[in-house]
Amino acid sequence: MSILSVVLRAAAALLIAAPVLAQQPAARTLAAPGGVAVNWVGDAPALATGVSWGVPWPQGAVAKNQAFALKGADGKALPVQSWPLAYWPDGSLKFSGFAAVAKAAGPYAISPVAEAAPSSALSVRPGDGYVDVGTGVSTVRVGTRGMDLIQTIAVDGREVARGGRLVGLVQQGPDPEEGAMPARAAFASTIEKVTVEQSGPVRAVIKVEGKHKLAKGGRAWLPFSLRLYFYAGDAAIHVVHTFIYDGDQQKDFIRGLGLRFTVPMREDVYNRHVAFSGKDGGLWMESLQPGDLNADPRQVAGQKIDGGRFYGVKDKEQLAIWNDYKLVQPSPNGFNILKRTGAHSTWVFSDAGTQASGLAFVGDVSGGLGISVKDFWQSFPTAFDVRNAAGKAAELTAWLYSPEAPAMDMRHYANRAHGLVATYEDVQEGMSQAYGVARTSEFTLYPSASVPAREQLAAMARAGGARALLAASPVYLQSTKVFGVWGPVDRSTPARATIEDRLDSVLAFYRQQQQERHWYGFWTYGDVIHSYNFKRHVWNYDHGGFAWDNTELGTALWMWTSYLRSGSPELFRMAEALARNTSETNVYHLGPMKGLGSRHNVVKWGDGSKEGRISQAAHWRPFYYLTTDERIGDVMREQLESDKAMVKYDPMRLAQPVLPQDPKYPGRIRIGPDWFVLAGNWMTEWERSGDTKWRDRINAGVDSILQMPYWLRSGVLNGLNPDLGGKLGPLKGRGSMTVGYDLASGKLLPIADPIKLEQVPVLYNLATIQGGAQVMFELVPLLGRPDFAAAWLQYARLGEAPGDVLLKDKSTGSEGADAQYVEKAQGGPRLAAYAYAQTKNPAFAKVAIDNMIRWRGAAPHAVNGPDVLSATTEAIGVSTNDAAQTGLTMIESLVLLGDALPNSLPPPPPQSERRRPSAPAAVSK
């Protein structure tokens, strides 16, 4: 059976099961003739560019060694490279990665072939201290030792750049209020390891790892990884750079961090040029010796001229020669361009703008180098620096963190805790640590054999400023049954249209808030704020645990699922930025807390609660599988060590201290959310590697749960509750699913309630609203275990049932048929919808539908005048906890309810202004 026929059969089965999906617009086809159609996410790139993307396959449809062909909309074949990203349990391909060089508008067609077409334009040749990469239009020498990550770049046989290295400045202490500045020291990259991860035929990937070493003293710090992406026939080099902060946040203040190249300058100064991109295609470009009122238009265009009376270096009369240039973006709303004739002279203001798109070029008419920094202005403070352009070689630096800005301050925002009740903040002594957090940035290097035309430079800025991505349609993606429970956008009935409009209203509101509230910055761009203060008319940026959200209650999953079902390029950019930020800045990548993440706070790493639910692989899987991004793959693989950190930092160490009589197990976690998190991490590695040891580790936990009296609801109700003065009594909420954990085997072990002296049924409201439900929606069918499926269905049906009902249901499987025991908390309605999908019992459907009726979406209204700094909007009742969880619940309920959803919904009841941000009843510590 062909791949296409399997895909179409899968899609047909889906449409029979849920007819509403057949109402999708016909413009997005399920499959191209002979294969799967993919199209650009947003506009086609401004330049022919290397692009990598992922495509899923239905289980059993594609063999792991399948080769593919790629054709453009014109029917012509393009060279393509493919590789496996994930496997189904039966060994067939689940996701494939693809790479090609493309520019033309789509759609493109992927089809199976017996053998991939040969392509020999790309070459990778290791040498002594280097790796040479030839793309057919450029030659790049990558260093394998020393300081230079890229030793040379040549185009048309001529060197246009050399000495590419990471550079920075560290300052010993914060900027003083007055007096002398603390001592500063320069540092640069030192290579420790180089790995050729792919070597063609279309794409080569080289990973360079190392540390930054101080020029004086020899200290090595700030571990980095830098991946270089090369594509056949494309001179551009795509770069993904990550550094991990491993300094002392009390004294190691980064003053600047960037990527620097030396660019040879061979031509006369009047044939040398510097360019910076502005906003919306704007460009600032000048010759080092610009002409007078009668300037030659060819020089203005970057073309070679023969000079003239006042050009060059003269004894008396000459035009000024400018040597140094810089563009500085100190805020998200302004940049300046300055230049000077030399270090002996003042800087002269040249021009200014709002949001620079992030390209700098320096070179002469025989060649040069452009550097584009993705999310340049959004990641302020950033800068570009060009020095010694009038000399034999210019120095071009792209500053990820500008030395013009105040020193990077990694300290916590206060030297005391403010309390859970006052500020929802869980600060613990010594836990507000930046040690181990990371930041990832993306560049594109554009070497050229001349000064590119102005239009070409503007196109480079556009191409380098956003990820070029091909993607299959939402209908096709959903037909392959990946990423759990979701469905394409569907407005086929008034009820469905109502929910879709409300979903859109919330997403549009958050996009608008990012712009209006300036949610940007080096450590924060991509994230959103947790809760809003309607009295102050501001989001709670300064209010303890109500500030930066840090993936709380599945924000990343909400954003990715919203993109999956819509294909919206705006939602992709938002989800990408959110995932890139939260996977790095509130996750620990080295040190004792490696694998854990920090709960929401004013400072991204400031909260004392460090948990796996924040950093779990489930948040990042769509990013990885849709883009093939290797860095996010690294982050997911780091999560395989998170259980070690959980054992070290017991998630219930403060809320439920270990009792003397408790069994002395190797560790202690909760079934939900902790084991759900670990199961998701292991599921991800199982599908990525095909190694069944990770499935077996999951099954060890499943077997343990099924041996407990109340299955997934087994736990303890009582313990040493800090709110009771450390006395034995009821825990916060309605108990905790606390169990012992064996690090070696993955087994879960019972812990008896200290008063009941046995495990008891508990309801822990955090269990499924931190990504647990989404993991289970995928994992249960993957495991194919009827016993575990029964346990999960029982949890959905009987979330609040007493123990005797739970025990009886283990035999009957039919208790609580009136839906009286469905969980009443935030996670309940989605579980009710799941129960309906499995049982077709309308009582469960009613619970989910009633929840739909109550939801209002977002209805923003304008706020202006002296109540706010700038005109803005706010929406009553909207907080990120609710937006993420309700968004996911609505998306899942639309699929799970199927034809049980009525044709129309009554209007929601009135909702009063929310006086105080809502918080989950149970707070983990």
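# Exercises on strands, helices and rings

Strand 33 and strand 37 (residues 738-741) form an antiparallel pair with four bridges between them. The structure treated in these exercises is a predicted model.

**Exercise 1.** Determine the order of the sheet that holds strand 33 and strand 37, and state which strands lie at its edges.

*Solution.* Begin with the order: the open sheet has three strands, arranged 33-37-38, and their pairing is antiparallel. Next, consider the edges: strand 33 (667-670) and strand 38 (748-749) each pair on one side only and are the edge strands. A single residue pair illustrates the register, since Ile-669 stands opposite Val-739 in strand 37. Finally, consider the packing: helix 13 (residues 671-689) lies on this sheet and touches strand 33, strand 37 and strand 38. The direction of helix 13 makes about 95 degrees with that of strand 33.

**Exercise 2.** Describe the open sheet of five strands, and explain why one side of strand 4 and of strand 28 has no neighbour in the sheet.

*Solution.* The order of the strands is 4-3-7-1-28, and they pair in the antiparallel sense. Strand 4 (77-78) and strand 28 (470-472) stand at the edges with a single partner strand each, so one side of each has no neighbour in the sheet. Within the sheet, strand 1 (residues 36-40) and strand 7 (residues 108-113) are joined in antiparallel fashion over three bridges. There, Val-36 has Ile-110 of strand 7 as its bridge partner.

**Exercise 3.** Classify the arrangement of helix 6 and helix 7, and identify the residues in contact.

*Solution.* First, take the geometry: the axes of helix 6 (residues 494-516) and helix 7 (residues 555-566) come within 12 Å and cross at roughly 125 degrees. An angle between 115 and 145 degrees falls in the oblique class, and the two helices are therefore oblique to each other. Their crossing is left-handed. Helix 6 contributes Glu-500, Leu-503, Val-506, Leu-507 and Tyr-510 to the contact, while helix 7 contributes Trp-558, Met-559, Ser-562 and Arg-565. Sorted by class, the contact comprises six nonpolar residues, one polar residue and two charged residues.

**Exercise 4.** State how many aromatic pairs are counted, and describe the pair of Phe-95 and Phe-483.

*Solution.* The count comes to 42 aromatic pairs. In the pair of Phe-95 and Phe-483, the ring centres are 5.5 Å apart and the planes make 45 degrees, a tilted arrangement. To place the two residues, note that Phe-95 belongs to strand 6 (residues 93-102), whereas Phe-483 lies in the loop between helix 5 (474-479) and helix 6. The pair thus links distant parts of the chain, 388 residues apart.

Note on methods
Residues are numbered from 1 along each chain as its sequence is written. This is a predicted model: local features need pLDDT of at least 70, side-chain atom pairs count only at pLDDT 80 or more; totals for chains, interfaces and linings use all residues. Side-chain values use heavy atoms; hydrogens and water are left out. Axes are lines fitted to C-alpha atoms, for helices over the stretch in contact, and angles run from 0 to 180 degrees between N-to-C directions. Angles under 35 degrees count as roughly parallel, over 145 as roughly antiparallel, 65 to 115 as roughly perpendicular and the rest as oblique. A crossing is left-handed if the near helix is turned anticlockwise from the far one by less than a right angle, and right-handed if clockwise. Contact means heavy atoms within 4.5 Å. Ala, Val, Leu, Ile, Met, Phe, Trp, Tyr, Cys and Pro count as nonpolar, Asp, Glu, Lys and Arg as charged, and the others, Gly among them, as polar. Two strands pair if DSSP finds at least two bridges between them. Rings of Phe, Tyr and Trp (its six-membered ring) pair if their centres lie within 6.5 Å; planes under 30 degrees apart count as stacked, over 60 as edge-to-face and the rest as tilted.
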